[in-house]
Amino acid sequence: MDMPMDMPLDTLATRLVGQQFPLIALPATSGKTMGPMDFATGSFVLFIYPRTGRPDTVEPPEWSLVPGAKGCTPEACEFRDLAADFASIGYRVLGLSNQDTGYQREAAERLHLPYPLLSDPGFVLATACGLPTFGFDGELLHVRSTLVVRDRMITHAFLGITEAAAHPRDLLDRLRAGR
C-alpha cells in the first residue's frame, strides 16, 4: 500500500479508500498489544494525531502556527464523549500517535478515555499506508488524520484535519448518514 509521501492529501485520501488496513501490531494503553487479529475484523475509527500535551508543560508558541497541530486533547475528548454513539452504529474508537505508551497512558487516564490509544513510534502505520508526517522541533510527528475501517477495508480517509474538535461529530454524522 506504499504511496508517495509527496502526494497531495486529497489524492492520497482517495487512494486509501478501498485499500486493506495493514495487519500490524501496536502497543495500547489498555496494557495489551493490538495485533493483526484486532485489525482484521470488525469496524473501527482510528484517529491519528501529532501528540498530546500535558497540563504542566507549555507548548512552544510556534506549535500553534502549524496547521492542524493544536487540538489533540479536544479531539480525544470529543471522541470520548461520542464513543457510545460510534459504538451504537458498530464502530470501536482508537487513537494513535508516535508517543510512547506510558506517556499516552497518563493522557488516557487524565482524560478518562474509554478507548485505547496506540503507540507507533516507528511510524509502522504511516509507512505501510503512506500517511503524511511532519517535522517539528527535531521530532517527526503524524499529520492529524482519521481512517475508518470495516472488516479490514478502509472505507473513509481524512488527512490533514484542521478542525480537530469538530471532526469527531462531523464524522459520526457522516457515518450515520451512510456517506
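Which residues form one aromatic cluster here? Hold that thought for a minute; one thing to say up front is that this is a predicted model.

Okay, the overall picture. The chain has 6 helices and 9 strands. For 179 residues, a compact globule would come out with a radius of gyration near 16 Å, and the chain has 15 Å, which agrees. If you lay the C-alpha trace along its principal axes, you get spans of about 40 × 35 × 30 Å. Buried residues account for 49% of the 179. And if you take the contacts with a separation of 6 or more, 66% of them are between residues 24 or more positions apart. As for the surface, about 8,200 Å² is accessible, with 54% of that belonging to carbon and sulfur atoms.

Right, back to the aromatics. The cluster is Phe-47, Tyr-49, Phe-79, Phe-86 and Tyr-115. In the structure as a whole there are 7 aromatic pairs. Take Phe-47 with Phe-79: the ring centres sit 4.5 Å apart with the planes at 10°, so that pair is stacked. Phe-47 belongs to strand 3, residues 43–48, and Phe-79 to helix 3, residues 72–88, so the pair ties together parts 32 residues apart in sequence. Phe-47 has 0% relative accessibility, so it counts as buried, and Phe-79, also at 0%, counts as buried too.

Phe-47 has another partner, Tyr-115, and this one is edge-to-face: 5.7 Å centre to centre, 80° between the planes. Here the link runs from strand 3 to the loop between helix 4 and strand 5, with the two residues 68 apart. Tyr-115 is buried, just like Phe-47.

That loop brings us to helix 4, so let's walk along it. Asp-100 caps the N-terminal end, with a side-chain oxygen 3.0 Å from the backbone nitrogen of Gly-102. Within the helix, residues 101–110, the buried ones are Thr-101, Gln-104, Ala-107 and Ala-108. They cover an arc of only 120° around the axis, which puts them on the same side of helix 4. That fits the textbook picture: an α-helix has 3.6 residues a turn, so residues three or four places apart point the same way.

What do the buried residues of helix 4 pack against? Three strands: strand 1 (26–27), strand 4 (92–97) and strand 5 (117–119). Then, just after the helix, have a look at His-112, which takes a positive phi of about 55°.

That's my tour; happy to rotate the model if anyone wants another look.

Key: Residues numbered from 1 in each chain as written. Predicted model: local features only at pLDDT ≥ 70, side-chain atom pairs only at ≥ 80, totals over all residues. Heavy atoms only, no water. Buried < 20%, exposed > 50% of the residue type's maximum accessible area, 1.4 Å probe, protein only. Helix = DSSP H or I, 4+ residues; strand = E, 2+ residues; numbered from the N terminus. Arc of directions from axis to C-beta. Contact = heavy atoms within 4.5 Å. Polar contact = N/O pair within 3.5 Å; in protein donor to acceptor, adjacent residues only side chain to side chain. Rg over C-alpha atoms; globule rule 2.2 N^0.38 Å. Areas by Shrake-Rupley, 256 points an atom, 1.4 Å probe, with all protein chains shown as cover. Phe/Tyr/Trp six-rings, centres within 6.5 Å; stacked < 30°, edge-to-face > 60°.
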